[in-house]
Amino acid sequence: MRDLINSYLDELVAIRRDMHKHPEPGFKETRTSGIVAEKLRNWGIEVHTGMAKTGVVGTLAAGNSNQTIALRADMDALPLQERNTFDHRSIHDGIMHACGHDGHTAMLLGAARYLAQTRNFNGTVHLIFQPAEEGGGGGRIMIEEGLFDRFPTDAIYGMHNRSDQEAGLFGVRVGGIMAATDNFEIVVTGIGTHAAMPHKGIDPIVTASGIVSALQSIVSRNVPPLQSAVISTTQFNSGTTWNIIPDTATLRGCVRTRRPDVRDHIRLAMERVISGVCAAHGASYDFSFIPGYPLTVNTERETRAAVSAAAKVVGERQVDPDTPPLMASEDFSYYLKKVPGSYIFLGNGKQSVTHRADYDFNDEIIPAGVQYWATLVEQELSGKCR
Ligand code: NI
């Protein structure tokens with residue numbers, strides 16, 4: 001397997017860099033998904049396009065077993081101006097592959113090619129290339145459009161590079177591996193007035209400042225110390241000029257949690273803090289808590305399968321079966337609400353950080369990623385009883 005996969009490494013690196021050079025935002029991955037569909041067809045894989053606009057599913061069967069496995073990659077890029085200067089830097093202003101989804105797509109294509117050529121498994125493999133992981137919920141939409149009705153599967157697996165981990169190291173864990181994310185918006189309404197006569201109005205900026213500070217006490221004072229949560233206010237918008245106290249101030253931000261009870265608790269505590277601070281200042285408010293991606297929860301049997309496949313590729317000592325979870329979130333969580341499965345990290349090396357303008361996917365980890373996918377399929381669809 002290693003030699004065969006290495007024999008197409010140059011092509012996979014070329015595909016990866018070409019995708020890096022031509023990044024596309026969520027639901028607009030037409031060029032990328034066109035290349036994916038064409039490659040899959042050329043390798044003799046049945047191709048289904050058009051789910052969630054640009055999603056592609058490749059289906060490959062061998063032998064007579066009705067066991068099924070699904071592997072998933074994401075294809076979208078981020079709205080960020082690339083600062084890299086190498087030849088394959090983004091040619092599109094303000095958009096770049098800063099999360100390595102170019103690498104994820106190339107690695108799953110590599111596995112598709114190997115599996116189509118060797119067919120050394122007994123059952124069916126669904127290769128899912130989804131759009132819009134970065135906030136658009138492309139995975140959720142594919143499920144709503146009937147992904148698992150059209151392509152039923154016993155289990156689903158995902159993989160993401162991890163930039164705080166040594167290159168080629170695998171990390172996974174049973175249970176929550178990525179956090180839930182929810183967004184919030186708070187509109188504080190006071191009474192506008194002359195900046196020199198504040199006593200004639202109610203200042204929404206002072207009120208909202210009190211809210212920003214008080215929200216920080218929720219994690220430190222209301223969440224149990226052994227639970228994790230983050231509340232970040234990331235936008236504070238108000239006012240038009242130097243000498244007018246405005247009518248309103250708008251705060252926005254997000255909440256990250258790892259347990260549903262902590263999430264509910266934080267939502268209630270936020271409402272209490274906002275209403276209390278506003279009452280103290282005589283202001284009123286509108287509070288919206290906007291649900292985002294749920295917790296990504298790996299199931300036990302599939303995570304054991306993932307650990308075993310990764311260990312066959314890089315050796316047991318290069319696999320952390322109890323890796324620390326991330327407070328980032330993933331729309332892979334929606335697949336895991338429907339079918340058992342596991343989401344694994346593959347170290348990208350520590351030269352940059354995902355979502356940063358100098359990030360690049362590390363091509364040296366492509367062989368490990370491709371071999372992991374191929375090994376997982378051969379192991380899980382071995383034709384033996386599970
Ligand atoms: Ni990502």
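Let me start with helix 7, residues 204–221, which in this predicted model lies across strand 8, strand 10 and strand 12, and which runs at about 170 degrees to strand 10. Helix 8, residues 260–281, also lies across strand 8, strand 10 and strand 12, but it lies across strand 13 as well, running at about 165 degrees to that strand.

The strands under discussion belong to one open sheet, in which four strands are arranged in the order 10-12-8-13 with antiparallel pairing. Strand 10, residues 229–238, and strand 13, residues 284–291, are the edge strands, each of them pairing on one side only, and from one strand to the next the twist averages 15 degrees. As a general reminder, the strands of a sheet pair through backbone hydrogen bonds, in either a parallel or an antiparallel way. Here, strand 8, residues 180–189, is joined to strand 13 by eight bridges, and if you would like one pair to look for on the screen, Val 187 has Asp 286 of strand 13 as its bridge partner.

Let me turn to the nonpolar cores. The largest one has 58 residues, and the members that touch the most others are Leu 40, Leu 71, Phe 129, Tyr 157 and Tyr 372. Taking Phe 129 as the example, and leaving aside its neighbours within four places in sequence, we find it in contact with residues including Val 36, Leu 40, Val 56, Met 75, Leu 108 and Met 142. There is also a second, separate core of 25 residues, and among its members are Ile 231, Ala 249, Ala 269 and Phe 287.

Next comes the metal site. Which protein atoms are the donors of the nickel ion? They are SG of Cys 99, NE2 of His 101 and NE2 of His 160, and they lie 2.1 to 2.3 Å from the ion. Along the sequence these donor residues follow the spacing C-x1-H-x58-H, and Cys 99 and His 101 are both buried.

Finally, helix 9, residues 300–314, allows a simple check of geometry. At 1.5 Å a residue, its 15 residues should span 21 Å, and because its end C-alpha atoms are in fact 21 Å apart, the expectation and the model agree. Several residues of helix 9 are buried, including Glu 302, Thr 303, Ala 305, Ala 309 and Val 313. The residue that follows helix 9 is Gly 315, and its phi is positive, near 90 degrees.

Notes. Residues are numbered from 1 along each chain as its sequence is written. This is a predicted model: local features need pLDDT of at least 70, side-chain atom pairs count only at pLDDT 80 or more; totals for chains, interfaces and linings use all residues. Side-chain values use heavy atoms; hydrogens and water are left out. Two strands pair if DSSP finds at least two bridges between them. Helices (H or I, at least four residues) and strands (E, at least two) are DSSP runs, numbered from the N terminus. Axes are lines fitted to C-alpha atoms, for helices over the stretch in contact, and angles run from 0 to 180 degrees between N-to-C directions. Contact means heavy atoms within 4.5 Å. Donors are N, O and S atoms within 2.8 Å of the metal (3.2 Å for Na, K and Ca); water is not among the atoms, so sites may look incomplete. Buried means under 20% relative accessible area, exposed over 50%, partly exposed in between (1.4 Å probe, protein chains only). The expected span of a helix is 1.5 Å times one less than its number of residues. A nonpolar core is a set of buried Ala, Val, Leu, Ile, Met, Phe, Trp, Tyr and Cys residues joined through side-chain atoms within 4.5 Å.
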